[in-house]
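Reader: I would like to learn how to read the packing of a protein model, step by step. Could we go through it together, with the general idea ahead of each case?

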Amino acid sequence: MHSPSTVSQTETLESPPIHNHLKFGSGSKTQRLHKDFDVFIQRNDFFSIFHNEKLTPSAAARRATYGIFKTQVLQQCSINGKPSKGQPLESARPALFSDGVNAIKAFACDFAVHHGKPIQMSKINAAISNVLNEERLLFRNSPGYKAVFCALRFKTFFLYCASFLHLKVDILAVIK
């Protein structure tokens, strides 16, 4: 029989993440996102993303972004740490962990090659930026921001349903 100290040591073989922006370190329930980076994602999430033929590379990058970075980090950081165009230098947000961003880009490239889909790095960067923007909108304290996000989601869903049902929709009427 194992002593309690031996059992607890074998159960805690999970290593912490290499950076405080990341959710996971290496362990039995995680998978390396890309072979060249020490960035890990839950094994189930990895396989559900990588083996889903219906996803585009940018959608795979979005899901990987949610899978490897902590929510609080997504709310507070930007991809490269530079301010938005036209904004003062003081408004710059801290940069996401660069190995995490590069792992997502490499993963999206591997995903595209594996599924024979074209890839544009500008769309991958945009997908990661969109995740960051959505997280900022979702978790702001102002009810106005939450209302805008819900309205945008509803408008997108409505337009999708209308196109699926082949309805002719006056887009200007939907926007107002």
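Author: Let us begin with a single residue, remembering that this is a predicted model. Phe-50 has a relative accessibility of 14%, and because buried means under 20%, Phe-50 counts as buried.

Reader: Which aromatic residue does Phe-50 pair with, and how is such a pair described?

Author: A pair of aromatic rings is described by the distance of the centres and the angle of the planes. Here Phe-50 forms an edge-to-face pair with Phe-111, with 6.2 Å from centre to centre and 75° between the planes. This pair joins distant parts of the chain, since Phe-50 belongs to helix H2 and Phe-111 to helix H5, 61 residues apart. Phe-111 also counts as buried, at 0% relative accessibility.

Reader: How many aromatic pairs are there?

Author: The count comes to five aromatic pairs. One of them is formed by Phe-46 and Phe-47, whose rings lie edge-to-face at 5.2 Å centre to centre, with 85° between the planes.

Reader: Are Phe-46 and Phe-47 buried or exposed?

Author: Phe-46 counts as buried, at 10% relative accessibility, whereas Phe-47, with a relative accessible area of 37%, is partly exposed. Ring pairs also link residues into a cluster, made up of Phe-46, Phe-47, Phe-50, Phe-107 and Phe-111.

Reader: What is Phe-107 in contact with, leaving aside its neighbours within four places in sequence?

Author: Phe-107 is in contact with Leu-33, His-34, Phe-46, Ile-49, Phe-50, Ala-60 and Ala-64.

Reader: Which residues of the largest nonpolar core touch the most other members?

Author: The largest nonpolar core has 30 residues, and those that touch the most other members are Leu-33, Val-39, Ile-68, Phe-69, Leu-96, Ile-104 and Phe-107. Helices H2 (43-50), H3 (57-68), H4 (71-76), H5 (98-115) and H6 (121-138) each supply at least two residues of this core, and the largest share, seven residues, comes from H5.

Reader: Having looked at the packed residues, how do I read the empty space, and how much of it lies in the largest pocket?

Author: Rolling a probe the size of a water molecule over the atoms shows where empty space is left. In this model, about 370 Å³ of space lies in the largest pocket. Of the 15 residues that line this pocket, Ser-78, Ser-84, Arg-93, Asn-133 and Arg-136 are the closest to its centre.

Reader: How do the residues of that lining divide into nonpolar, polar and charged?

Author: The lining of the largest pocket is made up of five nonpolar, six polar and four charged residues.

Conventions
Residues numbered from 1 in each chain as written. Predicted model: local features only at pLDDT ≥ 70, side-chain atom pairs only at ≥ 80, totals over all residues. Heavy atoms only, no water. Core = buried A, V, L, I, M, F, W, Y, C linked by side-chain atoms within 4.5 Å. Buried < 20%, exposed > 50% of the residue type's maximum accessible area, 1.4 Å probe, protein only. Helix = DSSP H or I, 4+ residues; strand = E, 2+ residues; numbered from the N terminus. Contact = heavy atoms within 4.5 Å. 1 Å grid on protein atoms, 1.4 Å probe; cavity = no way out; pocket = protein on both sides within 12 Å on 5 of 7 lines; lining within 4 Å. Points joined across faces, edges and corners; volume = space filled by probe spheres on them. Nonpolar A, V, L, I, M, F, W, Y, C, P; charged D, E, K, R; others polar. Phe/Tyr/Trp six-rings, centres within 6.5 Å; stacked < 30°, edge-to-face > 60°.
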